[in-house]
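The following exercises introduce a protein model to a new reader. Each consists of a task and a solution worked in steps.

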Amino acid sequence: MTIREPTSEVDVEISINGRRHRHRVPARLLLSDYIRDTVGLTGTHLGCEHGYCGACTVIVDGDAVRSCLMLAAQVDGAEVRTVEDLAPAGSDSLSPMQQAFHDNHALQCGFCTAGFLMTLESVDPGDWTGRERIVELLSGNLCRCTGYQNIVDAVTEAWSAYHGSGGSNDG
């Protein structure tokens, strides 16, 4: 009996941060490896490679996903956003959330930061209602350095920036 190998390579066309990429890739290539190694965008980090830590979170067609759990072939034709797409194009400035993370010291080693930022980018700022809700929204992202307090503070500050108020979001 001869066991046939499934197709070993596939053609993919993926829009990443508004730029189309076409490649022939191994059929089992992870989206995270495609983004980092094939496209060269290294802001997406690999932590646990089991979908547990959230460091590899990217946005695919509007939804936050763990790129270490998806194959590049699964997102053929999709729109993918990575952390490199958050800051305004052609600018040295940061997005309001990135600035809030900076201002509130919401990162230490920074390894998990891209995953937190992309998770938050996929959520309507109107859903960041109060500290308990913020903690719930971020429950799928792990940080081994900060203790989360400064991260929640950063989201609260960004909520105010998105809503144009100087008030608190203690909800």
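**Exercise 1. A charged pair between two helices**

Does aspartate 153 count as buried, partly exposed or exposed, and at what relative accessibility? Identify also the salt-bridge partner of aspartate 153.

*Solution.* The model under study is a predicted one.

Step 1. The relative accessibility of aspartate 153 is 25%. Buried would require a value under 20% and exposed a value over 50%. Aspartate 153 therefore counts as partly exposed.

Step 2. The salt-bridge partner of aspartate 153 is arginine 131, with the closest N and O atoms 2.7 Å apart. Because aspartate 153 belongs to helix H5 and arginine 131 to helix H4, this pair ties together parts that are 22 residues apart in sequence.

Step 3. Arginine 131, with a relative accessible area of 26%, is partly exposed.

**Exercise 2. Further salt bridges**

State how many salt bridges the structure holds, and examine the pairs of aspartate 85 and arginine 133.

*Solution.* Step 1. The total is nine salt bridges. Side chains of opposite charge can pair when their charged atoms come close.

Step 2. Aspartate 85 pairs with arginine 81, and 2.6 Å separates their closest N and O atoms. Aspartate 85 has a relative accessible area of 25% and is partly exposed; arginine 81 is partly exposed as well, at 22%.

Step 3. Arginine 133 meets glutamate 136 in a salt bridge of 2.8 Å, N to O. Helix H4 holds both residues, which are three residues apart, about one turn of the helix. For arginine 133 the relative accessible area is 22%, which means that this residue is partly exposed.

Step 4. A network also occurs: Glu9, Asp11 and Arg24 are joined by salt bridges that share partners.

**Exercise 3. Helix H5 and what covers it**

Compare the span of helix H5 with the expected value, then list the buried residues of H5 and name helices that cover them.

*Solution.* Step 1. H5 runs over residues 149–162, a total of 14 residues. From first C-alpha to last, H5 reaches 20 Å, close to the 20 Å expected at 1.5 Å a residue.

Step 2. The buried residues of H5 are Ile151, Val152, Ala154, Val155, Thr156, Ala158, Trp159 and Ser160.

Step 3. Their cover includes helix H2 (96–103), helix H3 (113–121) and helix H4 (131–137).

**Exercise 4. Two hairpins**

Describe how strand E1 pairs with strand E2 and how E3 pairs with E4, and locate the residue with a positive phi in each hairpin.

*Solution.* Step 1. Strand E1 (residues 9–16) pairs with strand E2 (residues 19–26) in the antiparallel sense, over eight bridges. One of the bridges links isoleucine 16 to arginine 19 of E2.

Step 2. Two residues lie between E1 and E2 in their hairpin, and asparagine 17 in the turn has a positive phi of about 55 degrees.

Step 3. E3 and E4 are antiparallel, with four bridges; valine 58 has valine 65 in E4 as its bridge partner. This hairpin has two residues between the strands, and its aspartate 61 takes a positive phi near 50 degrees.

Step 4. Aspartate 61 is exposed, because its relative accessible area is 52% and the cut-off for exposed is over 50%. Leaving aside neighbours within four places in sequence, aspartate 61 contacts Ala78 and Glu79.

**Exercise 5. A surface patch**

Which residues form a nonpolar patch on the surface, and where does tyrosine 52 lie?

*Solution.* Step 1. The patch is formed by Tyr52, Leu142 and Tyr148, which together have about 300 Å² of accessible area.

Step 2. Tyrosine 52 lies in the loop between helix H1 (31–38) and strand E3 (57–60). Tyrosine 52 is exposed, with a relative accessible area of 59%.

**Exercise 6. The chain as a whole**

Summarise the order of helices and strands, the extent of the C-alpha trace and the share of buried residues.

*Solution.* Step 1. The protein chain contains five helices and five strands, and their order along the sequence is β-β-α-β-β-β-α-α-α-α.

Step 2. The C-alpha trace spans about 70 × 35 × 25 Å along its principal axes.

Step 3. Of the 171 residues in the protein chain, 42% are buried. The chain exposes about 9,400 Å², and carbon and sulfur atoms supply 48% of it.

Definitions and conventions. Residues numbered from 1 in each chain as written. Predicted model: local features only at pLDDT ≥ 70, side-chain atom pairs only at ≥ 80, totals over all residues. Heavy atoms only, no water. Expected span 1.5 Å × (residues − 1). Buried < 20%, exposed > 50% of the residue type's maximum accessible area, 1.4 Å probe, protein only. Contact = heavy atoms within 4.5 Å. Pairing = 2+ DSSP bridges. Patch = residues over 30% accessible without salt bridge, like charges linked within 9 Å, V, L, I, M, F, W, Y side chains within 5 Å. Areas by Shrake-Rupley, 256 points an atom, 1.4 Å probe, with all protein chains shown as cover. Salt bridge = Lys/Arg side-chain N within 4 Å of Asp/Glu carboxyl O.
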